[in-house]
Amino acid sequence: MSTRAYVYSVYQWLNVKIFAIPGRVIALLFFAFLFIVPFITANKYLIYTLSMTCIFAIFATSWDFLSGYCGQINLGHGVFFAVGGYIASMLSAHFHLSPWLTISIGSLIAAIAGLIVTLPALRLRGFYLSLVTLSFPIISHGIVLAFADYTGGEVGLYGVSPLTTSGTTSYYIIVLIMLFSVFFMYKFTDLESKFIRVGIIIYAIREDEITARASGINTTRYKFLVFFISSFFAGIAGALYAHTITVVGPSTLEVMFSFQPILWTIFGSIGTIYGPVAGVFLLYPFMEFLQIWGATEHIRYIIFALMLICFMLFMPEGVTIWVRDKIEVTCQRCKKINIMTRSYCRICNGPLHLRKEESEDL
Amino acid sequence: MIEMIIINGAVMGGVISILATGFSLVFGVAKILNLAYTAFYMVASFLLYIMIIMYKLPLSLSFVTSIIITAILAMASYKICLDRIKEHESAVLIITVALTILFQEILILFFSAINRTIPPLVGGSSEILGVAILNQQIFCVVVSIGIIAIIWLFLSKTKMGNAIMAVAEDREVANLMGINVSRMCMITVGISGVLAGLAAVVVAPLQMIQPYMWMYPLVSVLCAVILGGLGNIKGGIVGAYILGFTEACVVFLFPKFSFLRGAVSLSIMLIILLIRPEGLFGIIFEEERL
């Protein structure tokens with residue numbers, strides 16, 4: 001193939017797969033924005049805030065993968081984050097290992113903790129599961145305080161080495177890990193994928209576990225898999241967090257800390273993978289900027305709570321789904337996504353904006 | 001030692017059982033997992049503090065007023081925030097969390113996060129079997145048992161109680177039988193508010209009042225409700241007393257490890273759920289067992 005034909009085919013692929021769908025254009029612009037931020041500004045605080053936002057985006061996405069997609073509502077997701085953070089910081093502070101090693105070991109041990117949590121989760125469902133998982137951070141909090149010599153107790157564990165010496169390099173590493181994690185989870189839960197069938201199986205487990213078992217799906221195995229992946233990414237987020245703020249304390253095991261990914265995810269739309277990323281990137285920097293503008297901590301949280309209540313009353317399905325329904329329309333005939341402004345589908349040329357009785361005829 | 005464990009376990013279990021009853025009622029009838037429930041208990045305690053210490057109102061008047069205001073607050077937050085988005089479970093979950101944050105931060109803003117105490121409704125102490133016990137503790141145990149009895153009589157003997165149970169059983173059929181479902185939900189939320197206020201009245205004089213006091217009871221209530229089986233009021237009460245006595249045992253037998261009391265009671269809940277996944281009194285269909 002000549003170079004020109006190759007470039008043309010790439011251009012055509014971009015045209016069909018990305019530029020035709022407004023949601024993907026927004027995602028592309030967002031990624032581009034993340035990469036050029038250090039060129040626009042040298043403000044260290046802004047870079048630091050964005051690094052923390054990326055870390056929490058991994059955390060919230062891993063919650064969404066487990067709870068939004070697989071329906072295993074986990075109210076104690078902070079425990080995986082804390083295991084990742086504590087293991088990484090213990091290895092870093094006591095044994096002075098390099099951050100790469102501590103992050104991989106920390107996230108693997110968090111994933112093993114996820115497998116242990118799955119054991120009671122296998123026999124429970126619904127609210128039972130959520131409230132049992134809520135107990136894990138509290139039990140771990142007791143353990144952390146009981147072994148204060150190794151974990152630092154109430155004060156936390158100091159002496160963790162930073163990721164790299166330069167803030168900008170750390171920022172790029174975190175952004176890349178965030179993009180990879182989110183893309184991996186997005187692809188893994190893709191319902192239309194021809195190569196990975198896990199997405200649709202997880203979806204089936206969420207919708208009706210009994211029917212999924214009756215259809216010959218080994219739900220036990222898939223629940224282990226989902227918990228493993230979700231807690232692995234939560235552990236990565238925790239280890240990155242420990243290396244970014246260079247201290248990890250028992251605050252990561254508080255009830256409120258485990259509620260945070262839930263707030264972000266449901267604000268951004270549950271069960272979408274891109275929803276939690278949007279939720280974190282809207283809410284976390286907003287809270288930080290309120291602090292810069294001079295609001296005290298309590299005023300900030302009051303504004304946060306009022307904003308959450310107002311948004312959820314008017315967009316109960318979350319912000320991204322609300323926006324998506326405003327800019328995208330799905331073709332009734334071929335189920336492809338089109339931009340809202342088109343009147344005929346770009347693939348099958350069928351009419352897009354049908355009245356209800358017309359779409360029933362189709 | 002054993003007497004202290006019994007009396008403290010009974011106090012703790014009594015309070016959690018009142019809160020667990022209110023929580024199960026709202027969960028069963030209005031189908032809302034109300035994580036803001038113990039925040040109402042905290043608000044009621046602060047109302048008591050405002051009326052007794054700041055405005056020097058008589059005790060009985062301030063107790064009644066705080067219970068009524070708590071019930072109105074519970075109904076108002078249900079009507080404004082939760083009623084219209086009840087179908088979206090996830091939205092309900094975070095709105096209740098947001099309400100909790102809102103109450104907590106408003107209280108911190110006005111009262112700051114320091115510990116406060118209020119005088120007990122019944123003062124003094126009496127000696128039973130050679131152990132000095134605060135009269136408020138006895139009052140707490142007696143009132144909690146009395147409240148449970150009244151709620152049970154209300155639900156099983158009165159017409160409105162039967163209507164509430166019918167809505168909890170089956171919404172559509174209850175609607176067809178001429179029961180006003182949305183009004184029953186409102187009444188249930190109001191009753192749960194009254195119960196939260198009562199719990200505050202009996203236990204607030206025995207402990208510190210501060211804006212984070214919702215968190216620990218929330219975990220205990222959820223734990224008790226799960227232990228007994230969700231939506232089962234009797235199970236919730238039994239679970240509450242199991243938790244109360246466990247915590248009292250940990251605190252008095254191993255005073256050095258009293259910070260582990262939450263962890264120990266939650267571990268007991270985990271073990272029980274591993275043996276009986278539906279809770280002690282929950283019902284599950286055998287073919288739906290996972």
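Two residues are in contact if their C-beta atoms, placed from the backbone, lie within 7 Å. Keep that in mind as you walk through this predicted model.

**Stop 1: where the two chains meet**

Colour chain A and chain B differently and go to the place where they touch. Here 36 residues of chain B are in contact with 37 residues of chain A. Now select three helices of chain B: H4 (89-111), H9 (215-228) and H11 (261-275). These are the elements that give two or more residues to the side of chain B that touches chain A. Which of them gives the most? That is H4(B), with 13 residues. Next, colour this side of chain B by residue class. You should find 30 nonpolar, 4 polar and 2 charged residues.

**Stop 2: chain B as a whole**

Hide chain A for a while and show chain B as a cartoon. You can pick out 11 helices and 2 strands. If you follow the chain from the N terminus, the elements come in the order α-α-α-α-β-β-α-α-α-α-α-α-α. How compact is chain B? Its radius of gyration is 19 Å, close to the 19 Å that the globule rule gives for 290 residues, so chain B is as compact as a globular protein of that length. Turn the chain around as you look: along its principal axes, the C-alpha trace spans about 55 × 45 × 35 Å. Of the 290 residues of chain B, 51% count as buried. Contacts also reach across the sequence: among those between residues at least 6 apart, 74% join residues at least 24 apart.

**Stop 3: the hairpin in chain B**

Select residues 125-128 of chain B, which form strand S1, and residues 131-134, which form strand S2. In which sense do the strands pair? They are antiparallel, and the pairing runs over 4 bridges. To see one place where they face each other, show Glu127(B), which stands opposite Ala132(B) in S2(B). Then click on the turn. The hairpin has 2 residues between the strands, and Leu129(B) takes a positive phi near 55° there.

**Stop 4: two helices packed together**

Now select residues 2-29 of chain B for helix H1 and residues 135-157 for helix H5. Look at how one lies against the other: H1(B) and H5(B) pack at an angle of about 35°, with their axes 9 Å apart. The crossing of these two helices is left-handed.

Show the side chains between them. From H1(B), the residues include Ile7(B), Val11(B), Gly14(B) and Ile18(B). On the H5(B) side, you will find Cys140(B), Ser144(B), Ile148(B) and Ile151(B) among them. By class, the contact of H1(B) with H5(B) has 11 nonpolar, 5 polar and no charged residues.

**Stop 5: a glutamine in helix H4 of chain B**

Select Gln104(B), which is in helix H4 of chain B. Is Gln104(B) buried or exposed? A residue counts as buried if 20 or more other C-beta atoms lie within 10 Å of its own. Gln104(B) has 25 C-beta neighbours inside 10 Å, so it counts as buried. Which residues does Gln104(B) touch, leaving aside its neighbours within four places in sequence? Show Ala39(B), Pro211(B), Tyr212(B) and Trp214(B), which are in contact with Gln104(B). For a distance to try in your viewer, pick the C-alpha atoms of Gln104(B) and Arg116(B): these residues are 12 apart along the chain, and the atoms are separated by 15 Å.

**Stop 6: over to chain A**

Bring chain A back. Its cartoon shows 16 helices and 2 strands. With 362 residues, a compact globule would have a radius of gyration near 21 Å, and chain A agrees with its 22 Å. The C-alpha atoms of chain A fill a box of roughly 70 × 55 × 50 Å along the principal axes. Buried residues make up 43% of the 362 residues in chain A.

**Stop 7: two loop residues in chain A**

Select His96(A), in the loop between helix H4 (78-95) and helix H5 (99-121) of chain A. His96(A) has a positive phi of about 55° although it is not a glycine. His96(A) is exposed, with 10 other C-beta atoms within 10 Å.

Finally, go to Thr246(A), in the loop between helix H11 (219-245) and helix H12 (255-268) of chain A. Thr246(A) is not a glycine either, yet it has a positive phi of about 55°. With 16 other C-beta atoms within 10 Å, Thr246(A) is partly exposed.

Technical notes:
Residues are numbered from 1 along each chain as its sequence is written. Chains are lettered from A and ligands numbered from 1 in the order in which they are written. This is a predicted model: local features need pLDDT of at least 70, side-chain atom pairs count only at pLDDT 80 or more; totals for chains, interfaces and linings use all residues. Ala, Val, Leu, Ile, Met, Phe, Trp, Tyr, Cys and Pro count as nonpolar, Asp, Glu, Lys and Arg as charged, and the others, Gly among them, as polar. The radius of gyration is taken over C-alpha atoms; the globule rule is 2.2 Å times the number of residues to the power 0.38. A residue is buried if 20 or more other C-beta atoms lie within 10 Å of its own, exposed if 12 or fewer, and partly exposed in between; C-beta atoms are placed from the backbone. Two strands pair if DSSP finds at least two bridges between them. Axes are lines fitted to C-alpha atoms, for helices over the stretch in contact, and angles run from 0 to 180 degrees between N-to-C directions. A crossing is left-handed if the near helix is turned anticlockwise from the far one by less than a right angle, and right-handed if clockwise.
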